[in-house]
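Me: I would like a close look at one part of the model shown below. Please keep the answer plain.

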Amino acid sequence: MDKFVRVTGAAAPLMRINIDTEVVIPMNRLVAHKRGELGRYCFEAWRYGPDGSEDPEFVLNKPRYRKARILVAGENFGCGSSREHAVWSLSDFGFRCIIAPSFGDIFYWNCFQNGVLPIRLPEYQVKELAVEIETSENAIMTVDLETQSITTPGGRKVAFTGDPERHLALLEGLDEIGMTLKLDSKIRAHQARDRGSRPWIYRREETPHVARLLILAGDGIGPEILAEVRRVVEWFIAERHLAVELHEEPFGISAWKAHGELMRKETWNAIVAADAILFGAIGSPEYDKIPAEARKVDQLLRMRKELDLFCNLRPVRTLPALSGASTLRPDVIEGCDMMLVRELCGGIYFGTPRGREKLADGSERAVNTCIYTTPEIERIARAAFELARTRSGRVCSVDKANVLPETSGLWRDTVQTLRDRHYPDISLSHMYVDNCAMQLVRAPKQFDVLLTENLFGDILSDCAAMVAGSLGMMPSASMGAVRPDGGRRALYEPIHGSAPDIAGKRIANPLGAIMSFALCLRFSLGLAQEADRLEQAVSAAIAHGARTLDIAQPGEKTISTKAMGDAVLTELKQIQ
Ligand code: IPM
Ligand code: MG
C-alpha cells in the first residue's frame, strides 16, 4: 500500500449528502472490471449521459476538477453497501483524500485499508472549504497528514484529527495485515501475560513446547504416593499422547542419604529448569539426625520463595460418595465447591526480623514479622478475581483488620481498590479470619473463592479439608508470575504433608497427589479436558467403593496406596 504523507492537488466540491457506494461505483462494474480499471466508472451515473457522453455540468467533468486529488463532500459519504470497490474506484480516479462531515462506517475504515485518507470536519468547515474551492483561482489544496493540517486554496490552515493508530499506519503505508504484523511483539507479549493469568482458556495447540515435569517425592509417604502419580502420568503419556519430559530427583531425607546434602546443585538446577514440579511431602523425624547447619533452610519454603510461587490454589470439593467420611454433617458439606487462593511468598512466613534470643534473666524472647506490600497483595488478589470470573464471580477476602490494621488493613484496602478499579463485575466481601474458620465448618457452601494471606490460608485450608472429607483428598497448585515467554513456574502438591506415622505402611491415600497432577494438566499444561478426565476417574474410583484408610467409614473395606492407583487407572481406561 502507498504511504500517505502529504498530497497537493485540485480539490473538487461535491456537496451532496448521503452519496451511496452504488453511486460511487455501480454494481455491474464490480463484476466486469478489476481494481485499477474502476476510475473510469467512478460516479458513472452522474458523469455520463444515457448515450455515454460526458455531462459537462457534473463537477468532475469541469476542466479545473478533472485531475482532482481531494474530494470535499456532504455528510454520510460512502453510505450504503460495504463494497471495498468504492474506495478502489475513487483512488483509481485519482483521489487520495476525502473530506466530509461524516462517512458510512465501513467506507471510512476501507479508506485506511487502501491508502486513502478520510477526514471528518465539522459541517460548517466543510461548507466553508467547498465555497473557498469554488471561488478560488485554481482550487489547489494541500493535505498534510504529518502535521494534520489542510492548506486551503486561499492559504488558510485548517487542523484535523483522527484515529492516531490509523494515521500512523497510513504514514507508514500499512494496511490491516501490515499493522497486525507490526504489533506482533505487543500481541505476543499480551498473549503471554494472558496465558499466564488465565491458563485454563488456552488449548494444547497453543502451548506446543514439551513441558519438563520434575517429580520430587520427598519424605514420609511422599515416595509411596508419588509412585502412583508417576503411573498416572505415564498412562497419559502412553494413552493420551501427553508430551512431557519426566524427571525425578531425590529430595529431603532421601537426598541426604544418597548424596550427603539436602539440596544438590543438580537438583536445584532441575527445579529451576522445570515447567512443573510434582511434589510429595517434606518432614521426617530423621531430620533430627542431620547436622543443624544442613537443615537450617526449609527446602519447600525455599522453593516457594526463590521460584516466587506466590499463587497457591487449594480447591475444596466434596465428592458425594465421601460426604460420610467427614466429621461434618453430610447436609452441611454436600455439593460444596470452593477455591482457596492463598498468598504463598509473603507475610509472617518470610518477614524479618525474626529469631529467638536469650535474655539476661535466662528467659527467651522470640520475634516474627508479618510484612505485606501493595504489589504483593495486588497480584494475588488479581489471581483470585480472574479465577472468580471463571466461576461464580464471588470472592471473600480474609483478614484480621480489626486487630492488625497495618498488614490486614493494607490487605483489605488493596483488595477493595483493585476490585473497584478493575473488577467491578466481581462481588467482593471481607471476613475476619476467626469468623471465617467458624463459617467454614458452620456453612461452607456460602464460599466460592476465598482469598487469604499466607498464614491464614495455611490454617484455613486444613480446616476446609474437613469439608472435602479428608486431608488426603486435597490437592494444591503453587504458581509463579508469568514469564515473558508465557510460561510460569509451578509446583503441585497434596496438602496433607509427610505423615511419618504411616510412612512405608502402604496405606496412604494417593488421591490428593493424583488430583494435584490434574491441576498440573489444567494450569501448567493447558489440558483442561485431560484434567477433567482425571478428576472424573478419581470420582468414579471413589463412587465404585475404592477407599484408603483415611476415607473409609467403619466397616468399609480399605485398600492399599497402590490399589487406589490401580482403581484410578481402571477408571481412566473406561472413560471415553
Ligand atoms: C502447607 C504446609 C506448609 C505450610 C508447611 C509444610 C511448610 O502446612 O502447605 O499447608 O505451612 O505452608
Ligand atoms: Mg498447612
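How many residues does the largest nonpolar core have, and which residues have the most contacts inside it?

Reply: This is a predicted model, in which local features need pLDDT of at least 70 and side-chain atom pairs count only at pLDDT 80 or more, while totals for chains, interfaces and linings use all residues. Residues are numbered from 1 along each chain as its sequence is written, chains are lettered from A and ligands numbered from 1 in the order written, and side-chain values use heavy atoms, without hydrogens and water.

The largest nonpolar core (buried Ala, Val, Leu, Ile, Met, Phe, Trp, Tyr and Cys residues joined through side-chain atoms within 4.5 Å) has 78 residues. Buried means under 20% relative accessible area, exposed over 50%, and partly exposed in between, with a 1.4 Å probe and protein chains only. Leu-278, Tyr-492, Phe-517 and Leu-534 have the most contacts inside this core. Helix α19, residues 511-523, gives the most to the core, with 10 residues. Helices here are DSSP runs (H or I, at least four residues), numbered from the N terminus.

Tyr-492 can be followed further. Leaving out residues up to four places away in sequence, its contacts (heavy atoms within 4.5 Å) include Ile-277, Leu-278 and Phe-279. Tyr-492 also touches Ser-516, Leu-519, Cys-520 and Phe-523, among others. Another core, of 55 residues, lies apart from the largest one; Val-24, Leu-60, Ala-73 and Trp-88 are among its residues.

Charged side chains come next. The structure holds 40 salt bridges, each a side-chain nitrogen of Lys or Arg within 4 Å of a carboxyl oxygen of Asp or Glu. One network of salt bridges links Arg-317, Asp-337, Arg-391, Asp-448, Arg-522, Asp-532 and Glu-535.

Methods. Helices (H or I, at least four residues) and strands (E, at least two) are DSSP runs, numbered from the N terminus.
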